[in-house]
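Please open the model in your viewer and keep the selection panel at hand. The tour goes from one selection to the next.

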Amino acid sequence: MKTIELPYGHGTQSCSIPDDIDCVYGRLKSVEPSMEAGEQISAALLNLIGDINFDKLRNAKSVAIAVSDMTRPVPSRLILEKLLPWLAEFGIHGDQVTVLVGGGLHHPATQEEMNYIVGEELPKRVKQVLPHDADDRDCLSFLGTSPLGTPVYVNQHFAQADFKIVTGMVDAHQFMGFTAGVKGAVIGLGGRETITGNHVRLFQPGAELGQMEGNPARIDLEDCGRIIGVDMVVNVVLNTQKKVVKAVAGHPRAAHGAAVEFARSIFGVPMSSADIVIASPGGFPKDINAYQAQKALTPALQLVKPGGVIILVAQCSEGSGEESFAKTMSLYDDPSDLVTSFKEKEFVIGPHKAYLWTRTFLKAKTILVSDKVSPELAKILMVKVTKSLQEAIDDVLPDDTAGLKITVLPNANSVIPILRDEVP
């Protein structure tokens, strides 16, 4: 017997399978940090990529910094600790700095979550640390409309700042190519109409995992970022141990582009199709709920053979994670009905995850491994739930395993499958 092990919450899930089964791991390229994370971030700030307007920075009376919420393992506290003294060199002091925790349409960050993200001491060093609420129209500024027609609403504290910085983590994104760059402002600090207007492009040609050029969702995102006036980004790339292996800072597109090229070299994995795909988002916080864990299904869907099996290993400690997602799922008993209905209706954020979740079931049997998802929620999610990976694999392994192929994706959220032809 051989053992399969994947990240799960703050720990792992494992199972044993017969030795004769062809089991292939879709592993990201192993990269170790060249230096300590803080040193990498400091070095990035000393070696900016592209041009930023230093005169604008020196004359700024206010600076806003966007950081990610709990669903992203971004070392925001460390980035801020390096950014503040860097800003001080240009005459910008803490009482001029506002930090905004952006989560798009996720729930506004609680005080406890903000303490976790930025630490309990950092708020004493800046003017304020505030959560973003995409549905609070009183806290949004309308700045115009993108060339593709997306109305641009953004957090007013960010809109009104003299200098705007966005931080984030560059990772594979299922329809925007890659995360980070201006996304932390446009989506993280955007209004519901902006997020909806951008995300509706997920159905358009080119809106694909790992695709940047010709991607309508990404093109629109960059246009919105220019309208908002993002001045600078600080982005990191993490390895499978969530350690910083690349840090960049500078012009929103130039610096992000450099990080994307580095990330692509790690996340692009040559693979072929399989009968069973076992996928983990990568553990906490990427598997914090079904809404987030769904992202692991995108590469799994690309790799599983029609009629095959996908086993999603995700703890989902917060359950479904988004009310409209669960509500939409609860309206249907059959995946095909939901998929058909969604394509016929006006696009709405939240329910779009219900579409992305259930489209998987039309190609492959899907099992969720979670000890937190209740039978009631499992019914709503239209998925079989097992508490252990061993139980799931025992349920789907045929008596005759000759020729059976299993692909394992321990960090599926970051994987960009490069499909290769089967060798006869």
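In this predicted model, begin by selecting Glu113, Met114, Ile117 and Val118, which are the buried residues of helix α4. If you then turn the view so that you look down the axis of α4, these buried residues fall within an arc of 110°, and they therefore line one face of the helix.

Next, select Gln111, Glu112 and Tyr116, the exposed residues carried by the face of α4 that is turned away from its buried side. Returning to the buried side, add what covers it: among the covering elements are the strands β4 (63–68), β5 (97–102) and β6 (128–131), together with helix α3.

Now keep α3 (residues 76–88) and α4 (residues 111–118) on display, and note that their axes come within 6 Å and cross at roughly 60°. An angle between 35 and 65 degrees counts as oblique, so α3 and α4 are oblique to each other. To see the contact itself, select Ser76, Arg77 and Leu80 on the α3 side, and Asn115, Tyr116, Ile117 and Val118 on the α4 side. By residue class, this contact of α3 with α4 divides into 4 nonpolar, 2 polar and 1 charged.

Then step just past the end of α4 to glycine 119, whose phi is positive, at about 90°.

For the last stop, select residues 271–416, the range that an unreviewed UniProt entry annotates as "domain: Lactate racemase C-terminal". The C-alpha atoms at the two ends of residues 271–416 lie 10 Å apart, and the span is 35% helix and 21% strand.

Technical notes:
Residues are numbered from 1 along each chain as its sequence is written. This is a predicted model: local features need pLDDT of at least 70, side-chain atom pairs count only at pLDDT 80 or more; totals for chains, interfaces and linings use all residues. Side-chain values use heavy atoms; hydrogens and water are left out. Axes are lines fitted to C-alpha atoms, for helices over the stretch in contact, and angles run from 0 to 180 degrees between N-to-C directions. Helices (H or I, at least four residues) and strands (E, at least two) are DSSP runs, numbered from the N terminus. Angles under 35 degrees count as roughly parallel, over 145 as roughly antiparallel, 65 to 115 as roughly perpendicular and the rest as oblique. Contact means heavy atoms within 4.5 Å. Ala, Val, Leu, Ile, Met, Phe, Trp, Tyr, Cys and Pro count as nonpolar, Asp, Glu, Lys and Arg as charged, and the others, Gly among them, as polar. UniProt positions are given in the numbering used here, feature names are shortened, and annotations may be inferred rather than shown by experiment. Buried means under 20% relative accessible area, exposed over 50%, partly exposed in between (1.4 Å probe, protein chains only). The arc is that of the directions from the helix axis to the C-beta atoms.
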